[in-house]
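Welcome! Please take a moment to look over the protein shown below, and then read on for a guided tour.

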Amino acid sequence: YMRGRPEDFDKWGRGWSWDDVLPFYLRSENNRDFPASDLHARDGPVHIQFGSMNDSISEAFIEACAAAGVPKISDFNGPSREGVGRYQFMIRNGVRDSAAAAYIGQHSKPASVSILPHALVTRMFFNKNKRVEAVEFVVGRAPAINAPRQVVRVRKEVILSAGAIMSPKLLLLSGIGDASALKRLNISVVHDNAAVGAGLADGVYGIMQWSTRQGNFIRCRLERGSKQSTAEDGPHDAFCAEQHKKYDRGQRDATVFGSPGLSVGAFLKSPWAVGDEPDVQLTLHPWDKYSRTWKTSYDGIASMEIANNHPRSRGQIALRSARFSDPPEFIGPYLLDVNDSLPLRWAIREMRKIAKTPPLGDFILDELIPGPQVTTEEQLLDTIQCGPHQFRSRGHPACDRSELPVNHLAGTCRLGEAGDPHAVVDLELRVLGVHGVRVADASVMPRPPSGNTHATCMMIGERAAQFVIAEWQSHPA
């Protein structure tokens, strides 16, 4: 659970400053570890707390960072983010929570909400005045292009919340986007706006891995509503059985069932950081997150994801065809500006120092990825751009870019003032050039937050709800 930082909102636009958005972060928050304050709330629907930390390597990482001069920090959503500490997560009753469960309920939902599962929206229809009239969709787990079309009529408005890839795709399929590109696909143009799908932003990763003296973090499964748990592999069955006993005794926060397999991280300012906020995020996974096929068997492996959260590269989402079943064209924003690798190269060198610092150094045996032989700037750039060199000869692509994405995609339907050539929605999230459609998801972010995006998506949802209520209270149907 990571909010944006005040600096992130400097260029979002009027009504979207830090002082404007903070109350909407707090509206959803129910923080179990910090008292109510100017920066935290305890009465929202989303349960937030620290994850369990049942591995020694994570604690050793915190202490080694501190010994290397990185300040310890108790709250990444507090006054400052620069430092090392524990992450908070969405956890309820010892298991991972979700926005759906928090807002709608795990076993019931408000009577005003109708949910149609496995329904894929294909496009929206507009009248001659550019007001949305209907939404077309198909139903099925993998609907084909010839699947029967269904239509729902729109009485008030449509809120599009399909994410930074699918929201622009749906706008394009509906005739909102670059007119010349739409005409080439024989899509009728409703509104010409070349900004739809442009500006795709994401963080970019550099990966490190080590062999360790301690075994991997043990993951156990707990089926919701069931008393069955199984380990990822047989030797850990006894551990998982004990975890389940703790869960049944009510010691749920002390179990691994609420853990995503990580608990600690750090935020650092590289020499290329712009402004006051750190640009690099380190996240420790005390297990082999990438499940590589190693030539040697290791007792334990630790993985480190190093993210540049402020890259300059921007990509694009475009249509391959007018068929809803075709995936969009994805032009990834990964190292299109090679300077985005500079903070990552710096951070790998810093992390090498930390990995040798006690007490973490007492657990680390050997650097596996990128490997101690990778030392020059050219070698570091190569391993970031194309993946670990030692795996390229085993049937992998010569340049495997699959480990670059941080998967904090944003920016393809960005908000802005009317007249802003980069804007797709206005400052109240209404799609420019048409009537009755809003977008409320990560696609509207002009600049992604300095960290994970989920909390900011919920904030945007809260703001959208307020905009809708205010508009329809002032202009009732």
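What follows is a short walk through this predicted model, from its overall build to a few backbone details.

## Overall build

The protein contains nine helices and 20 strands. Its radius of gyration is 24 Å, close to the 23 Å that the globule rule gives for 477 residues, so the protein is as compact as a globular protein of that length. Taken along the principal axes, the C-alpha atoms fill a box of roughly 70 × 55 × 45 Å. Of the 477 residues, 52% count as buried.

## A covered strand

A good place to begin inside the fold is strand β15, which spans residues 280-285. Six of its six residues are buried. Which residues of β15 lie on each of its two faces? On one side are Val280, Leu282 and Leu284, on the other Gln281, Thr283 and His285, and all of these are buried, so both faces of the strand are covered.

Strand β15 also has partners. Strand β14 (residues 264-268) runs antiparallel to β15 and is joined to it by five bridges; here Gly265 has Thr283 of β15 as its bridge partner. Strand β16 (residues 300-308) pairs with β15 in the antiparallel sense too, over six bridges. In that pairing, His285 is matched with Ser303 of β16.

## A three-stranded sheet

In general, strands of a sheet pair through backbone hydrogen bonds, either parallel or antiparallel. One open sheet here has three strands in the order β6-β7-β8, with antiparallel pairing. Its edge strands are β6 (119-126) and β8 (150-153), each of which pairs on one side only. On average, neighbouring strands of this sheet are turned by 30° against each other, direction ignored.

Strand β7 covers residues 132-139, and seven bridges join it to β6. One residue pair to look for is Ala119, whose bridge partner in β7 is Val139.

## Pockets and cavities

Now for the spaces in the protein. The table sets out two pockets and one cavity.

| Space | Volume | Lining residues | Lining by class |
|---|---|---|---|
| Largest pocket | about 2000 Å³ | 41 residues | 29 nonpolar, six polar, six charged residues |
| Second largest pocket | about 900 Å³ | 37 residues | 14 nonpolar, 12 polar, 11 charged residues |
| Largest cavity | about 110 Å³ | 14 residues | eight nonpolar, three polar, three charged residues |

The largest pocket holds about 2000 Å³ of space. Closest to its centre are Val113, Ser114, Ile159, Leu160 and Ser161. The elements that give two or more residues to its lining are α3 (99-104), β6, β7, β8, β9 (158-160), α4 (163-173) and α9 (454-474). Which element supplies the largest share of this lining? That is α9, with nine residues.

The second largest pocket has a volume of about 900 Å³. The residues closest to its centre are His310, Pro311, Arg312, Arg314 and Arg447. Both β12 (198-200) and α7 (342-355) supply at least two residues of its lining.

There are also seven cavities of 30 Å³ or more. In the largest cavity, the lining residues nearest the centre are Ile207, Thr383, Ile384, Gly387 and Glu403. Strand β13 (204-212) and helix α8 (377-386) each supply at least two residues of its lining, and β13 gives the most, with three residues.

## Backbone details

A few spots in the backbone are worth a look. The peptide bond from Pro358 to Pro359 is cis, with omega near 0°. Pro359 is found in the loop between α7 and β19 (364-369). Another cis peptide bond joins Ile369 and Pro370, with omega about 0°, and Pro370 lies in the loop between β19 and α8.

Next come two residues with positive phi. Asn93 is not a glycine, yet its phi is positive, at about 55°. This residue sits in the loop between β4 (88-92) and β5 (95-96). Is Asn93 buried or partly exposed? Its relative accessibility is 49%, so Asn93 counts as partly exposed.

Lys130, also not a glycine, has a positive phi of about 65°. Its place is in the loop between β6 and β7. With 31% relative accessibility, Lys130 counts as partly exposed.

Key
Residues numbered from 1 in each chain as written. Predicted model: local features only at pLDDT ≥ 70, side-chain atom pairs only at ≥ 80, totals over all residues. Heavy atoms only, no water. 1 Å grid on protein atoms, 1.4 Å probe; cavity = no way out; pocket = protein on both sides within 12 Å on 5 of 7 lines; lining within 4 Å. Points joined across faces, edges and corners; volume = space filled by probe spheres on them. Helix = DSSP H or I, 4+ residues; strand = E, 2+ residues; numbered from the N terminus. Nonpolar A, V, L, I, M, F, W, Y, C, P; charged D, E, K, R; others polar. Pairing = 2+ DSSP bridges. Axes fitted to C-alpha atoms, helices over the stretch in contact; angles between N-to-C directions. Rg over C-alpha atoms; globule rule 2.2 N^0.38 Å. Buried < 20%, exposed > 50% of the residue type's maximum accessible area, 1.4 Å probe, protein only.
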